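Please find below a colleague's note on the structure shown here, set out as numbered points.

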Amino acid sequence: MAQGVLYSCQGALSQKLKVYLKNSEVSDISVKVGLRQYPAHRLVLGAASGTLAKMMEENPGKILQIKADATEGEIEVFERMLGYMYTGEITFSGENIRLMISWADQLSLQELSKIAQDWLFESLHGDSMVGVIKWLRESDEGRLKTMKDRCIQTLAHYFEYVPETSWLGLSADEVLAIIERSDLVVADEETVITKVDAWLLGHEHGEVIKELYGKMASKIRLPLVGAAKLVSLTKTSPLVQFVDRECPHLLSKAFKFRALSSEMGYDEDPTGQGDCFPLGKADAQPRLYLNATSFTQQRHSHHSTGSQDKKFQLLSVDSVTEVRCSIQKKNGSWTHTSSKMNVKLESQKSDNVEVWHAKYNIILHDDLYNEEYRYYESRRARIQHKRKYYRIAIVTTNSDKDAEFYLPDNPVVTVYQGSFQEVSNLEEVSNRRYGKPRHVITVRTPPIFAGKKPTRIKAMSCIYIMNKDDDIHEDLSTV
């Protein structure tokens, strides 16, 4: 018996309902908001909002009073929302977005609340940390989970650009929610410790301090701090001093990890099982570190000059440059390769002004596939590779030469993540060299330049390619 096929005409009903919007001839109820009254239909209202369905059940009359003292602004927003219930279409603006989210929350219009919060987040970006924290406060008051999650995400991405006073004003739960994230964009783990120290010192008079230190310490990834730096932090950092005194096993584990990595190199594991390199665990998974050598040392590292701070690179538009890519191997250890990245600018009109997006094309080279691809015999050669995830952070700002064309207050942090799909045949990997595939990932920023097209920009980047892991999979799915 043939299997049934699902066909969908999701937009058909909403298109037909348009003619019944505010049509009193076939309405069976009127909705009264303030002094304004709108003809409506119980079926439409009840299907759109569980809250309205319950109100109609409790008040079976012909008129449903929503808010007797509604202001003109609230009446206008409700009218737009009523249109959304019938048509699925709505227009947001900076003037009505707060009321829109509040109304949608009160009436249990979850989908409308979510898209309104998404719109607000996209318009807010990360240029105003004060604005993000303001919305975080309003999210707490209005129980707006989507907006709160997005604010926490933004604070994690713009971690190093949060003003000190705003950082100290965050609650303990908010700080914990930020520092536990793997998509935290930061120079290195030492920077995380420094900021947490500052927050803890500013709140010692408040909550039970020992318990609070313990919670904060559990979110710090000590194995990813260099051994010499860890020793120094035991003398200078209140948080690491607490770990040394109360949780010495955490420091012992971190020093063991650093010692093994220094002797054998991160790119080797004599057991083949990842036993020496617990990078599959959450406490040793790298965040989006912008310092190229922040959590790794090459073998024979005593010959190196130590960790070098990652600085902005000056990039010419339409040019190609080399970038570092960190790749997780099957056993959990890491190796590195140089890939290529080019940057282009794409324009659009905004209020009769030409604005520009930065578009990065990241070309991942052959090393990515060294362990994963294999050929097998058939009429046509085919390629398979293990499913991998990638995380990318690119920080974009203006060059000194083109400073007058830059719009946001802070450098723009763009985080992009996803997974590689299985490569099925040779036609899908047309960009090939020496018989091995390459993969291109495209990352776009919001509009960040205005007026004349800049010729150069400055950027920092980090690229992580990792094997499927339960912790990472959950983290990717929630962001």
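The points that follow concern one helix pair and two backbone positions in a predicted model.

1. Helix H10 (residues 172-179) and helix H12 (residues 209-219) have axes that come within 9 Å and cross at roughly 15°. Angles under 35 degrees count as roughly parallel, and H10 and H12 are therefore roughly parallel to each other. The crossing of the two helices is left-handed.

2. The contact between these helices can be described by residue. On the H10 side, the participants are Ala172, Val175, Leu176 and Ile179; on the H12 side, they are Leu212, Lys215, Met216 and Lys219. By class, the residues of this contact comprise 6 nonpolar and 2 charged, with no polar ones.

3. Two backbone angles deserve a comment. Most residues other than glycine have a negative phi. Ser108, by contrast, has a positive phi near 60° and is not a glycine. Ser108 is located in the loop that runs between helix H5 (97-106) and helix H6 (110-124). With a relative accessible area of 24%, Ser108 is partly exposed.

4. The second such position is Asp318, a residue other than glycine whose phi is positive at about 70°. Asp318 belongs to the loop between strand E6 (313-316) and strand E7 (320-328). Is Asp318 buried, partly exposed or exposed? The relative accessible area of Asp318 is 46%, and the cut-off for exposed is over 50%, so Asp318 is classed as partly exposed.

How values were computed
Residues numbered from 1 in each chain as written. Predicted model: local features only at pLDDT ≥ 70, side-chain atom pairs only at ≥ 80, totals over all residues. Heavy atoms only, no water. Axes fitted to C-alpha atoms, helices over the stretch in contact; angles between N-to-C directions. Helix = DSSP H or I, 4+ residues; strand = E, 2+ residues; numbered from the N terminus. Parallel < 35°, antiparallel > 145°, perpendicular 65-115°, else oblique. Left-handed = near helix turned anticlockwise from the far one by under 90°. Contact = heavy atoms within 4.5 Å. Nonpolar A, V, L, I, M, F, W, Y, C, P; charged D, E, K, R; others polar. Buried < 20%, exposed > 50% of the residue type's maximum accessible area, 1.4 Å probe, protein only.
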